[in-house]
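Trainee: I should like to work through this structure step by step. May I put my questions to you in order?

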Amino acid sequence: MADDLPVPPLLNGNLAFFFDLDGTLAEIKPHPDQVAIPPEVLSRLQQLADLNDGALALVSGRSMTELDSLSAPCRFPLAGVHGAERRDSSENVHLVTLPPELVETLRSDLTREMALMPGTELEAKGMAFALHYRQAPEFETRILELARTYVRHHPLLGLQPGKCVVEIKPKDISKGAAIAAFMDEAPFAGRQPVFVGDDLTDEAGFERVNRMGGTTIKVGKGETLAQWRLDTVRDVHLWLEELTSHQLQEKKHITERREGYESLSRSI
């Protein structure tokens with residue numbers, strides 16, 4: 001879809017919310033350790049989760065440990081490492097792993113190769129590896145080819161490009177698959193999914209949510225499968241604030257109507 005997508009509406013109904021983190025809920029920083037979700041945004045997320053019976057999850061390329069740290073003191077259902085690790089609303093953890101010998105080979109080889117490209121950084125996530133080149137964009141082509149080489153030679157591996165990063169991860173893992181898994185479980189099941197993301201890694205989520213008849217929102221510019229667009233992280237924060245206020249008002253009106261009907265019934 002083109003860049004001229006409309007701003008998303010304020011949504012009502014039986015909804016389930018899924019949010020990416022970097023570039024969506026938090027501004028992208030030169031180093032991942034510098035990223036933070038503003039406290040008021042966390043409060044809005046918790047409020048939105050409460051308004052929708054807990055049907056809100058974070059879906060990210062980060063590990064679940066990082067997601068918990070960044071979203072504390074809240075504790076949401078999570079899909080980390082693009083869904084290779086997932087915690088459902090009952091605190092059950094679901095993991096996709098790789099053979100330990102393959103992980104160790106990747107760790108050793110990639111550490112050696114990345115050391116030859118100053119400014120790049122290797123992030124080991126257990127069952128996945130992120131090859132960052134934000135501080136050394138001149139190595140983009142070399143990084144991509146390095147990752148593709150390992151994926152070609154190991155059928156258990158898949159490749160996931162992102163913004164100034166390429167990830168090597170278990171094959172067939174995606175944010176779309178993670179969202180689908182959540183949608184088969186309470187409290188998400190039977191609801192209409194809403195997914196907000198900003199990166200190439202989120203397109204699989206957009207595709208799956210579109211097929212489910214849900215709502216997809218792209219943050220930032222660029223071609224996308226999403227139906228709606230918000231220009232910046234700040235716009236996400238403003239939309240989230242307006243959305244929670246809107247849902248609170250709707251809930252208040254529903255409560256007032258119900259109390260009015262009950263009062264009328266008693267008087268009759």
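Mentor: Please do, and let us begin with a term: a polar contact is a pair of N or O atoms within 3.5 Å, where, within protein, one must be able to donate a hydrogen and the other to accept it. Please keep in mind that this is a predicted model.

Trainee: At the start of H5, which side-chain oxygen reaches the backbone nitrogen of Gly176?

Mentor: A polar contact requires N or O atoms within 3.5 Å. Here the oxygen comes to within 3.4 Å of the backbone nitrogen of Gly176. The side chain that supplies this oxygen belongs to Ser174.

Trainee: How many of the nine residues of helix H5 are buried?

Mentor: A residue is buried when its relative accessible area is under 20%. In H5, which spans residues 175-183, those that qualify include Ala178, Ile179 and Phe182. Among the elements that cover them are strand S1 (15-19), strand S10 (192-197) and helix H6 (203-211). The helix is mostly covered, and its number of buried residues is seven.

Trainee: Which strands form the edges of the open sheet?

Mentor: The sheet has eight strands, in the order S5-S4-S3-S2-S1-S10-S11-S12, with mixed pairing. An edge strand here pairs on one side only. The edges are therefore the strands at residues 93-95 and 228-230, namely S5 and S12.

Trainee: By what angle are neighbouring strands of this sheet turned against each other on average?

Mentor: The angle describes how one strand is turned against its neighbour, with direction ignored. Averaged over neighbouring strands of this sheet, the value is 15°.

Trainee: Which residue of S2 stands opposite Phe18?

Mentor: Strands of a sheet pair through backbone hydrogen bonds, either parallel or antiparallel. S1 and S2 pair in the parallel sense over three bridges. Both faces of S2 are covered, with Leu56 and Leu58 buried on one side and Ala57 and Val59 buried on the other. The residue of S2 opposite Phe18 is Ala57.

Trainee: Which residue in S3 is the bridge partner of Val59?

Mentor: S2 and S3 run parallel and are joined by two bridges. For Val59, the bridge partner in S3 is Ala79.

Trainee: What angle does the direction of helix H2 make with that of S3?

Mentor: Helix H2, residues 64-71, packs on the sheet and touches S2, S3, S4 and S5. Its direction, set against that of S3, gives an angle of about 130°.

Trainee: Which residue of S10 stands opposite Phe19?

Mentor: S10 is mostly covered, since five of its six residues are buried under the cut-off of 20% relative accessible area. S1 and S10 pair in the parallel sense over five bridges. Opposite Phe19 in S10 stands Val196.

Trainee: Which residue in S11 is the bridge partner of Gly197?

Mentor: Four bridges join S10 to S11, and the two strands run parallel. H6 lies across both S10 and S11, running at about 160° to S11. The bridge partner of Gly197 in S11 is Lys218.

Trainee: How many residues apart in sequence are the parts tied together by Phe18 and Phe182?

Mentor: The model has five aromatic pairs. Phe18 and Phe182 form a tilted one, with 5.9 Å centre to centre and 35° between the planes. Because Phe18 lies in strand S1 and Phe182 in helix H5, the pair ties together parts whose separation in sequence is 164 residues.

Trainee: Why is the pair of Phe182 and Phe188 described as tilted?

Mentor: A pair of aromatic rings is described by the distance of the centres and the angle of the planes. The centres of Phe182 and Phe188 are 5.2 Å apart. Planes under 30 degrees apart count as stacked and those over 60 as edge-to-face, with the rest tilted. The pair is tilted because its planes stand at 45°.

Trainee: Which residue lies over the face of Phe182?

Mentor: Phe182 counts as buried because its relative accessibility is 0%. Ring pairs link Phe182 with Phe18 and Phe188 into a cluster. Over the face of Phe182, at 4.7 Å from the ring centre, lies Arg86.

Trainee: Is Thr244 buried or exposed?

Mentor: Thr244 is found in helix H7, residues 233-267. Leaving aside neighbours within four places in sequence, Thr244 is in contact with Arg44, Gln47, Leu48 and Leu51. Because its relative accessibility is 0%, Thr244 counts as buried.

Terms used. Residues numbered from 1 in each chain as written. Predicted model: local features only at pLDDT ≥ 70, side-chain atom pairs only at ≥ 80, totals over all residues. Heavy atoms only, no water. Buried < 20%, exposed > 50% of the residue type's maximum accessible area, 1.4 Å probe, protein only. Contact = heavy atoms within 4.5 Å. Axes fitted to C-alpha atoms, helices over the stretch in contact; angles between N-to-C directions. Phe/Tyr/Trp six-rings, centres within 6.5 Å; stacked < 30°, edge-to-face > 60°. Lys NZ or Arg CZ within 6 Å of the ring centre and 35° of its normal.
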